[in-house]
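Student: Can we walk through this one together? I'd like to check each label against its definition.

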Amino acid sequence: MAKVLGWSGQQLQEGIGTLDPVQAVKIQQAYPLAFFDEHLRHRREHLLDGPCAVFPAVTFLP
């Protein structure tokens, strides 16, 4: 990908990061599900409370 864009490896890492794709998919599945469970099904989801050991790559912003 870096070659196609004419970027160095460093520029590519800065642009898209280094998160494992499998972990990224798990995050993309878990957080929306937790959101909808909490807000539509009224099931308390602690995943949305803050940082989680299962997903250390996720950062919560104020």
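Student: Where in the protein is confidence lowest, and where is it highest?

Tutor: Helix α1 (residues 2–5) is lowest, with a mean of 86, and α3 is highest, at 96. That's pLDDT, the predictor's confidence in each residue, from 0 to 100. The protein averages 92, and 100% of the residues score at least 70. It's a predicted model, where local features need pLDDT of at least 70, side-chain atom pairs count only at pLDDT 80 or more, and totals for chains, interfaces and linings use all residues. Residues are numbered from 1 along each chain as its sequence is written, and side-chain values use heavy atoms, leaving out hydrogens and water.

Student: What makes the span of helix α3 agree with what's expected?

Tutor: Helices are DSSP runs (H or I, at least four residues), numbered from the N terminus. The expected span is 1.5 Å times one less than the number of residues. The 20 residues of α3 (21–40) should therefore span 28 Å, and the end C-alpha atoms are 28 Å apart, so the two agree.

Student: Which residues make up the largest nonpolar core?

Tutor: Ile 27, Ala 30, Tyr 31, Ala 34, Leu 47, Phe 55 and Val 58. The definition wants buried Ala, Val, Leu, Ile, Met, Phe, Trp, Tyr and Cys residues joined through side-chain atoms within 4.5 Å, with buried meaning under 20% relative accessible area (1.4 Å probe, protein chains only).

Student: How do you know that Gln 23 has a polar partner?

Tutor: A polar atom of the Gln 23 side chain lies 3.4 Å from the backbone oxygen of Val 54. A polar contact is a pair of N or O atoms within 3.5 Å, one able to donate a hydrogen and the other to accept it, and residues adjacent in sequence count only if both atoms are side-chain atoms, so this pair qualifies.

How values were computed:
Helices (H or I, at least four residues) and strands (E, at least two) are DSSP runs, numbered from the N terminus. Buried means under 20% relative accessible area, exposed over 50%, partly exposed in between (1.4 Å probe, protein chains only).
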